[in-house]
Amino acid sequence: MSEQKIPYKIYLEESEMPSQWYNVRADMITKPAPLLNPATHEPMTANELEMVFCKELVKQELDNESRYIDIPEKIRNFYKMYRPSPLVRAYCLEEKLQTPAKIYYKFEGNNTSGSHKLNSAIAQAFYAKEQGLRGVTTETGAGQWGTALSMACAYLNLDCKVYMVKCSYEQKPFRREVMRTYGASVTPSPSDTTAVGRRILAEHPGTTGSLGCAISEAVEVATQTEGYRYVLGSVLNQVLLHQSVIGVEAKTAMDKYGVKPDIIIGCAGGGSNLGGLISPFMGEKLRGEADYRFIAVEPASCPSLTRGVYAYDFCDTGMVCPLAKMYTLGSGFIPSPNHAGGLRYHGMSSILSQLYHDGYMEARSVEQTSVFEAAEQFARVEGILPAPESSHAIRAAIDEALKCKETGEEKTILFGLTGTGYFDMIAYEKFHNGEMQDYIPTDADLQVGFDGLPKF
């Protein structure tokens, strides 16, 4: 199909929305390493995991064989409120850059939560409700996940307790109030309301917190409160499974117009957006059906893939969660309070870590001032104010498009626009006022985290 016939926005029909999640693990040659019991160092059993997570979610977490898993009708009906999401051809950005590259982005911000996080939030809340639970606990960084989960819980009449990373709690008060509007309780983390929070505060006075801290508090409350389970917005296998609707829709839309991306780019914190976007394309690569170049983009202040080590580590700062084999900076690493709160996690999804380790994708880190430069450039020509997290992918997409300009290559680039940045205006204000600083941890800073890795 000729370029002129490709619209700015490609909308799929409701009937073309995925009816199944795609499980990339089924096609992985080397499966992700299992979660380990921190006490015995043996693989976690379903019964052990069910003390923390919902039963059906544990089943999905451990499933390395099923290529496709049916999406329950009630979840699909909820998805229909905002899915299928648009695939957008960035004609205006291409023109601004004067690049021969063709740029597409999958936009996940067309819902009140403002991000892709709702795709997994409704699934996890649904399975909690099906199990007869009273409520769920969770952590949130920038607030997109907490917002999405509070929406899903309100829809299903579940209680929702959110532990929000302290620096984001203070930087993004409006995101906090959206969660409260949907009925969630929101506590800045680390807090004095849990034993692990009090311990972290004693060890790190004045800390701005981290996702690892907030996870520890949420897990403690879930395991000590009857009728509650813990749910997580990224990292876990089950989350990447739910987020595969992003990639499946993107691929369906591109196939519809005969478009094949050469480069697929996503921001990377815990891995939910990147894993969801690349999954069906990665499946083709793993099966030898097609080839793509995958780029994970992370903040230079929290560089788990580019400067971390591939090892078993705790998923949380309080060391109460299972051990996961992943690229990690150490569970004790507390990143600087940069403005991409959703990417301030010390580790990376086991699935993405394994794929990166096996050479199926590459990674790069970028500094936040250059990220906001790209965000502003994108906003001025494409008309969407992007979230700081998403803007890491925009930075890399622009860089790749400019390389095409230098070489004359007509590459096709696809990136994930995970959500909007309308609750991130303090960050934009600091950037515009010249007050934003770049922080890159030294090797000595990182060594402190590495020294705390479990040894066995």
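This report walks through a four-stranded sheet, a helix on that sheet and a pair of helices in a predicted model.

## Ground rules

In this predicted model, local features need pLDDT of at least 70 and side-chain atom pairs count only at pLDDT 80 or more, while totals for chains, interfaces and linings use all residues. Residues are numbered from 1 along each chain as its sequence is written, and side-chain values use heavy atoms, with hydrogens and water left out.

## The sheet and its helix

Let's start with the open sheet, whose four strands run in the order β8-β7-β6-β9 with parallel pairing. Strands here are DSSP runs of E with at least two residues, and helices are runs of H or I with at least four, numbered from the N terminus. Two strands pair if DSSP finds at least two bridges between them. At the edges sit β8 (185–189) and β9 (228–230), each pairing on one side only. From one strand to the next, the twist averages 20°.

Six bridges join β6 (residues 135–140) to β7 (residues 159–165) in the parallel sense; Glu139 has Tyr163 in β7 as its bridge partner. Helix α10 (residues 211–224) packs on this sheet and touches β6, β7, β8 and β9 (contact: heavy atoms within 4.5 Å). The direction of α10 makes about 170° with that of β6 (angles run from 0 to 180 degrees between N-to-C directions, with axes fitted to C-alpha atoms, for helices over the stretch in contact).

## Two packed helices

Now for α16 (residues 368–382) and α17 (residues 388–407): their axes lie 8 Å apart at an angle of about 85°. The two are therefore roughly perpendicular (65 to 115 degrees).

Among the residues in contact are Phe372 and Phe378 of α16, and Ile394 and Arg395 of α17. The contact residues divide into eight nonpolar, four polar and two charged (nonpolar: Ala, Val, Leu, Ile, Met, Phe, Trp, Tyr, Cys and Pro; charged: Asp, Glu, Lys and Arg; polar: the others, Gly among them).

Notes:
Angles under 35 degrees count as roughly parallel, over 145 as roughly antiparallel, 65 to 115 as roughly perpendicular and the rest as oblique.
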